[in-house]
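Here are my notes on the model you sent, set out as numbered points. Please read them with the structure open beside you.

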Amino acid sequence: LTQPFAGAPWNFPGTEWVPAIPNPDIVDWVLIELRDAASAPAAVEATMISRQAGFLMKDGSVVGMDGASSLLFSSSVNEELFLVVWHRNHLGVLSANPLNRSMNTYSYDFTDDISKAYGGNSGFKQIGEGVYGMAGGDSDGDGVIILADKLFWANESGKKGYLSSDFNLDAQSNNQDKNESWLQNTNMSSQVPQ
């Protein structure tokens with residue numbers, strides 16, 4: 001019920017929490033980060049202007065604490081606005097292009113083309129017919145999917161709950177998580193510039 005990004009590597013001090021999950025279509029938490037830069041390669045950590053935890057929906061959209069509304073940010077943008085999406089056990093992604101602006105609303109759709117994520121298939125993947133998404137398997141959130149992440153799975157396998165090795169987000173850690181996420185994504189790494 002509380003955003004899971006307080007610890008390393010995110011160290012996000014946000015106080016987002018809910019007394020109950022507000023929408024049955026919520027899949028998990030994500031940390032949304034805005035970066036103000038001239039280009040995606042220049043959108044390094046030092047260009048971050050705001051961060052906020054939100055809910056990831058089954059359809060891939062991100063909503064606020066009420067489970068329905070858009071996230072609201074009050075930052076000023078000097079150059080172009082780029083979006084980073086962090087997840088507790090998937091590789092983080094950066095928008096390859098600046099966000100689209102219509103009036104005072106910015107939006108970006110990562111799902112319809114692998115080139116929408118900076119670095120393309122180095123840290124992003126096809127997850128369905130014509131649908132692209134974050135690569136699961138990064139148990140420790142360090143930005144690479146390696147053997148150390150499988151050790152988390154080995155320690156949690158057979159357990160149920162909100163687990164770092166539950167890569168398919170079905171509230172349990174099992175062979176499906178290891179074989180369909182960790183194994184298929186081994187050696188992939190986040191392309192978010194630091």
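1. Gly 128 stands opposite Val 131 in strand S9, and this is a convenient place to begin. Strand S8, covering residues 124–128, runs antiparallel to S9, covering residues 131–134, and four bridges join the two. The hairpin that they form has two residues between its strands, and there Gly 130 takes a positive phi near 70 degrees. Please keep in mind throughout that this is a predicted model.

2. The aromatic residues deserve a careful look, since a search of the whole structure finds four aromatic pairs. In one of them, the rings of Phe 5 and Trp 10 have centres 5.2 Å apart and planes at 85 degrees, an angle over 60 degrees, so the pair counts as edge-to-face. Phe 5 and Trp 10 are both buried.

3. The rings of Tyr 108 and Phe 110 are likewise edge-to-face, because their planes stand at 70 degrees, with the centres 4.9 Å apart. Tyr 108 has a relative accessible area of 16% and is buried, while Phe 110, at 10% relative accessibility, also counts as buried. Together with Phe 124, Tyr 108 and Phe 110 form one aromatic cluster; Phe 124 belongs to the S8 range of residues 124–128.

4. Two further rings have a charged group placed over them. The charged end of Arg 88 sits over the ring of Tyr 162, at 3.8 Å from its centre, and the charged end of Lys 178 sits over the ring of Trp 153, at 5.2 Å from its centre.

5. That second arrangement leads to the helices, since Lys 178 is one of the buried residues of helix H2 (residues 175–185), which are Asp 177, Lys 178, Ser 181, Trp 182 and Asn 185. These buried residues cover an arc of only 120 degrees around the axis, which puts them on the same side of H2. On the other side of H2, Leu 183 and Gln 184 are exposed. The cover over the buried residues of H2 includes S8 and helix H1 (147–156).

6. In H1, the residues Asp 149, Trp 153 and Glu 156 are buried, and they lie on the same side of H1 because they cover an arc of only 75 degrees around the axis. The face turned away from that buried side carries the exposed residues Leu 147, Leu 151 and Asn 155. H2 is included in what covers the buried residues of H1.

7. The ends of the helices also merit inspection. At the start of H2, a side-chain oxygen of Asn 174 reaches to within 3.0 Å of the backbone nitrogen of Gln 176, and just after H2, Asn 187 takes a positive phi of about 80 degrees. Just after H1, Gly 158 takes a positive phi of about 90 degrees.

8. A last point concerns a polar residue: is Gln 52 buried or exposed? Gln 52 lies in strand S2 (residues 48–57) and counts as buried, because its relative accessibility is 18% and the cut-off is under 20%. Which backbone oxygen does the side chain of Gln 52 reach? The side chain of Gln 52 reaches that of Leu 72, at 2.9 Å. Leaving aside neighbours within four places in sequence, the residues in contact with Gln 52 are Phe 12, Glu 16, Val 30, Leu 31, Ile 32, Leu 71, Leu 72 and Phe 73.

How values were computed
Residues are numbered from 1 along each chain as its sequence is written. Side-chain values use heavy atoms; hydrogens and water are left out. Rings of Phe, Tyr and Trp (its six-membered ring) pair if their centres lie within 6.5 Å; planes under 30 degrees apart count as stacked, over 60 as edge-to-face and the rest as tilted. Buried means under 20% relative accessible area, exposed over 50%, partly exposed in between (1.4 Å probe, protein chains only). A charge sits over a ring if NZ of Lys or CZ of Arg is within 6 Å of the ring centre and within 35 degrees of the ring normal. Two strands pair if DSSP finds at least two bridges between them. A polar contact is a pair of N or O atoms within 3.5 Å; within protein, one must be able to donate a hydrogen and the other to accept it, and residues adjacent in sequence count only if both atoms are side-chain atoms. Contact means heavy atoms within 4.5 Å. The arc is that of the directions from the helix axis to the C-beta atoms.
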